[in-house]
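Visitor: I should like to learn how to read a protein model, beginning with a single residue and then turning to the chain. May we look at it together?

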Amino acid sequence: YKQERYHQLFYQQMNNQCILIHYHEISLKGDNRSWFEKHFVENIKAQLHSLPYKKIKVLAARIFIIGIDRDCYEEYEKCLKNVMGLKNAYVMSRSDLNVDAINSEVQSQIKDLSFSTFRVSTKRQDKNFQYTSQDVNQIVGASIVAAYSKKVSLDNPDLNIIIEIVNGKAYIGYRKIIGYGGLPIGAGEKALSLISSGIDSPVASFLLAKRGVDVHYIHFHSVPSTSIQSINNVKAILMQLSKYQIQCSLYSVPLLSIQEKIMKNISSKYWVIFFRKAMYSISELLAKQLNINALITGENVGQVASQTISNIRAASDAVNIPVLRPLAGMNKEEIVNIAEDIGTYEISIKPYEDCCSFFVPKHPATSANLADVQNMEKAIRLEQYYEDLLEEITEERISIYE
Ligand code: ATP
Ligand code: MG
């Protein structure tokens, strides 16, 4: 009997342990909101697949993960940080909605913490509770001052005690998880990202995944002229990105035969532009096949000679599909900071031979003349080879579960 009672108490306690999540796009209304919440909850489930919890509930524009094991705090934190659309989250205990219950829960949580200054931040969603947020802050604050003789600091406290009053219950905690914000993966449309194993394209892809875009990947390689390492690096990068994206597809394209035709027929200073043109066109064809309406690249204005505005113009001249370039206006340092933060930087700086740079001459054209490029293009008529090349594309699924 004793054992049973113990288990009962244990589960009761576990039921009161939860994580309260705030999502990011607060302006969402009506149908949009339930669409958003549906994807958001699915993504949370996927991210938490190896961690304990009893259920996930949507309540008053908040998501509750109920019945968690507080001892796994760090693992929950790691997984939830990767959920796109998450603004912040708190590990909370649920208590009855009265001042005594709130005070005793607060005190039991903080009694072993070391801090000298604190504040209480209350949010009251449930307006039926007789006290305003400010009242609760003052009542709880005063009882902490009385019991522990600590000081209040509103601007820079060591400890910020969070109280949320939602649907007849009080939720209390102090551990904050900060997310990337944005929109849930899969809530948006598809896009096809041109991915190399460089620093930029993984960051560009992440930024659009963060906006809920379902990002698929296309990688061009020159095997066997370049080593297989570039493909392996790309896979390692996608393993890392799938931590955010949950799963994605990689389409690998052998570009060497096309590159050889370009190198044979075109002056070397235009090679890079033509390689790039071919990549765009083939990507557009694949996108059409997959019913995808946009490409993504890591291009950045003025970063290298091939990325002047007129060269970007010349390279994308051949395609009708929109090309999203989320890094266009960013500084290298800003891009590197994101790459480090999302964990792709370490992989990107590993040595590799890129299909474009491997063959690049010392002096690529920095400002392509559009008419010249168009004339050369007419002469070499690369399009005739693209359809055949599509047959040689291989697809691979990469997912968080591996
Ligand atoms: P990255 O760091 O992403 O490689 P970069 O600054 O090195 O970019 P480039 O190598 O000139 O710039 O490439 C510009 C963009 O073209 C890349 O961001 C990527 O989107 C695309 N790209 C380049 N190489 C490849 C490739 N081998 N396969 C697919 N896309 C590529
Ligand atoms: Mg590169």
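Visitor: Is Asn82 buried or exposed?

Guide: The model is a predicted one. Burial is judged by relative accessible area, and a residue counts as buried under 20%. Asn82 has a relative accessible area of 14%, so Asn82 is buried.

Visitor: Where is Asn82 found?

Guide: A residue may be placed by the elements that flank it in sequence. Asn82 lies in the loop between helix H3 (73-81) and strand E4 (86-96).

Visitor: Which residues does Asn82 touch, not counting those up to four places away in sequence?

Guide: Leaving out those sequence neighbours, Asn82 is in contact with Gln47, Lys243 and Tyr244.

Visitor: How many helices and strands are there in the protein chain?

Guide: The protein chain holds 14 helices and 14 strands. Its radius of gyration is 27 Å, whereas the globule rule gives 21 Å for 402 residues; the chain is therefore more spread out than a compact globule. Along the principal axes, the C-alpha trace spans about 85 × 45 × 40 Å.

Visitor: What share of the residues of the protein chain count as buried?

Guide: Of the 402 residues, 51% count as buried. The chain exposes about 19400 Å², with carbon and sulfur atoms supplying 49% of that area.

Visitor: How far apart are the mean positions of the positive and negative charges?

Guide: The chain carries 44 positive and 43 negative charges, and their mean positions are 5 Å apart.

Visitor: What can be said of contacts between residues at least 6 apart in sequence?

Guide: Among such contacts in the protein chain, 81% join residues at least 24 apart.

Key:
Residues are numbered from 1 along each chain as its sequence is written. Chains are lettered from A and ligands numbered from 1 in the order in which they are written. This is a predicted model: local features need pLDDT of at least 70, side-chain atom pairs count only at pLDDT 80 or more; totals for chains, interfaces and linings use all residues. Side-chain values use heavy atoms; hydrogens and water are left out. Helices (H or I, at least four residues) and strands (E, at least two) are DSSP runs, numbered from the N terminus. The radius of gyration is taken over C-alpha atoms; the globule rule is 2.2 Å times the number of residues to the power 0.38. Buried means under 20% relative accessible area, exposed over 50%, partly exposed in between (1.4 Å probe, protein chains only). Contact means heavy atoms within 4.5 Å. Accessible areas come from the Shrake-Rupley method with a 1.4 Å probe; for residues, only the protein chains shown count as cover. Lys and Arg count as positive and Asp and Glu as negative; His and the chain ends are not counted. The place of a charge is taken as NZ of Lys, CZ of Arg, CG of Asp or CD of Glu.
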